[in-house]
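Work through these exercises with the structure open beside you. Try each task before reading its solution.

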Amino acid sequence: MDRLAPLQLFVAAAESGSFSAAARRLDLGAVQASATIARLERELGVRLFERSTRRLRLTEAGEQWLPHARQLLATWEDGQAALRDAAGEDRPLSGRLRVSLPSDLGRQHLWRWIEDAARADAADGLQLELRISDRLADLMQEPVDFAVRYGEPPDSSLVALPLAPDNRRVLCASPAYIARHGPPATPAELRAHECLRFVLGDSLHGRWRFISPESETQPVEVGGNRVADDGGLVREWAVAGLGIAYKSRLDVADDLAAGRLVALLPDWQGEPAPLHWMAIGRHRLTPALRRLAVELRRRCDALARG
């Protein structure tokens, strides 16, 4: 472990609330992680965490130390980035690239775009590890370095590069569903339709918001017989004619272009769904990774245009 590893482990444990989760993030064993924190506490002369069998929380001293630890890491990361930039922009992707991708866009497009970019970059010895999941907690809990996710970063420790900042949700259904049930004329009419809902963790996305032609926000509580925690399955249900979906336009762009799905309420604007490449710390955003993000943004723009 390098000299900054104890600080990285402390910050990771504080953010995840778990030594084991922090150890997974940094590729350490649980015993090694616990011993490292104990050694850091001895060096500082304070107890940083209150430990119990059920939870891990910062002590008052740990709360005081956390912003300083983050600042020390940020300063180091800024210095590393400056040295990399001075060394030149032409180094290809290399080493291990561990990325968590959203289920639907990840399976349809992102994995191929990353492979194409790696080939174009002449990536040298790149080891690619992809995890397909819609849970944003992956970046904190799982052994990954990056995540592509919809929405704004939920944590100040995450650095985000925009891939599709203007992306929005679109209400859509298959021609067969529309033929059977007719299209809704207003968001309120969705209450009478079978709506395909998405659940993320303990949160059910059952309150859909729209912006009227007069720029007024109108939320509507929707219901239905199908709920999934996988965005790809929600899209497949919609294509199969089982209900109405409220999906990221990027997720359904190909289906809309091919006529498998039809956009509904065209005069109403869907809620924002910006797409970002997220990283834990700026030091991970090397010039090669920034080039990759630029290429992914170009591909997202092309997909959105159809």
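**Exercise 1: A strand residue and its surroundings**

Leaving out residues up to four places away in sequence, Q127 touches G95, R96 and L97. The model is a predicted one.

Task: Place Q127 in the fold, and find which residue stands opposite Q127.

Solution.
- Step 1. Find the element: Q127 sits in strand β4, which covers residues 124-132.
- Step 2. Find the partner strand. β3 and β4 pair in the parallel sense, over 7 bridges.
- Step 3. Find the opposite residue. R96 faces Q127 across this pairing.
- Step 4. Trace the connection. β3, α5 and β4 form a right-handed β-α-β unit.
- Step 5. Check exposure. Q127 has 48% relative accessibility, so Q127 counts as partly exposed. The class runs between 20% and 50%.
- Step 6. Compare sequence and space. Q127 and R207 are 80 residues apart in sequence, and their C-alpha atoms are 40 Å apart.

**Exercise 2: The strand β5**

Task: Work out which strands pair with β5, and in which sense.

Solution.
- Step 1. Start with β3. β3 and β5 run parallel and are joined by 2 bridges.
- Step 2. Read off the residues. V99 stands opposite F146, and S100 has A147 as its bridge partner.
- Step 3. Turn to β16. β5 pairs with β16 in the antiparallel sense, over 5 bridges. V148 is bridged to W277 there.
- Step 4. Check burial. Of the 5 residues in β5, 4 are buried, and the strand is mostly covered.

**Exercise 3: The nonpolar cores**

Task: Identify the residues with the most contacts inside the largest nonpolar core, and the elements that supply this core.

Solution.
- Step 1. Take the size. The largest nonpolar core holds 27 residues.
- Step 2. Pick out the best connected. F146, V148, L163, L275, W277 and L292 have the most contacts inside this core.
- Step 3. Assign the elements. Those giving at least two residues each are β3 (94-101), α5 (103-120), β5 (146-150), β6 (158-164), α9 (249-258), β16 (275-280) and α10 (287-305).
- Step 4. Rank them. α10 gives the largest share, with 7 residues.
- Step 5. Set the other core aside. Apart from the largest one lies a core of 21 residues, including L7, A23, I37 and L56.
- Step 6. Look at one member. Beyond its neighbours within four places in sequence, L292 contacts L93, L97, I114, A117 and W277.

**Exercise 4: The largest pocket**

Task: Describe the space in the largest pocket and find which residues lie nearest its centre.

Solution.
- Step 1. Take the volume: about 560 Å³.
- Step 2. List the lining. The lining has 27 residues, and D134, Y150, R169, F198 and L200 lie nearest the centre.
- Step 3. Assign elements. α5, β5, β8 (195-200), α8 (231-239) and β13 (244-248) each give two or more residues to the lining.
- Step 4. Find the main contributor. β8 gives the largest share, 4 residues.

**Exercise 5: An open sheet**

Task: Explain why β11 and β15 each have one side without a neighbour in the sheet.

Solution.
- Step 1. Write the order. The open sheet has 3 strands, β11-β10-β15, with antiparallel pairing.
- Step 2. Find the edges. β11 (217-221) and β15 (269-270) are at the edges, each with a single partner strand, so one side of each lacks a neighbour in the sheet.
- Step 3. Check one pairing. β10 (residues 207-211) and β11 run antiparallel, joined by 5 bridges. W208 has V220 as its bridge partner in β11.

**Exercise 6: Two loop residues with positive phi**

Task: Decide whether S215 is buried or exposed, then do the same for L265: buried or exposed?

Solution.
- Step 1. Recall the background. Most residues other than glycine have a negative phi.
- Step 2. Note the angles. S215 is not a glycine, yet has a positive phi of about 70°. L265, also a residue other than glycine, has a positive phi near 50°.
- Step 3. Locate both. S215 lies in the loop between β10 and β11. L265 lies in the loop between β14 (262-263) and β15.
- Step 4. Apply the cut-offs. Buried means under 20% relative accessible area, and exposed means over 50%.
- Step 5. Conclude. S215 has 60% relative accessibility, so S215 is exposed. L265 has 5%, so L265 is buried.

Definitions and conventions. Residues numbered from 1 in each chain as written. Predicted model: local features only at pLDDT ≥ 70, side-chain atom pairs only at ≥ 80, totals over all residues. Heavy atoms only, no water. Core = buried A, V, L, I, M, F, W, Y, C linked by side-chain atoms within 4.5 Å. Buried < 20%, exposed > 50% of the residue type's maximum accessible area, 1.4 Å probe, protein only. Contact = heavy atoms within 4.5 Å. Pairing = 2+ DSSP bridges. Right-handed = clockwise from strand over helix to strand, strands pointing away. 1 Å grid on protein atoms, 1.4 Å probe; cavity = no way out; pocket = protein on both sides within 12 Å on 5 of 7 lines; lining within 4 Å. Points joined across faces, edges and corners; volume = space filled by probe spheres on them.
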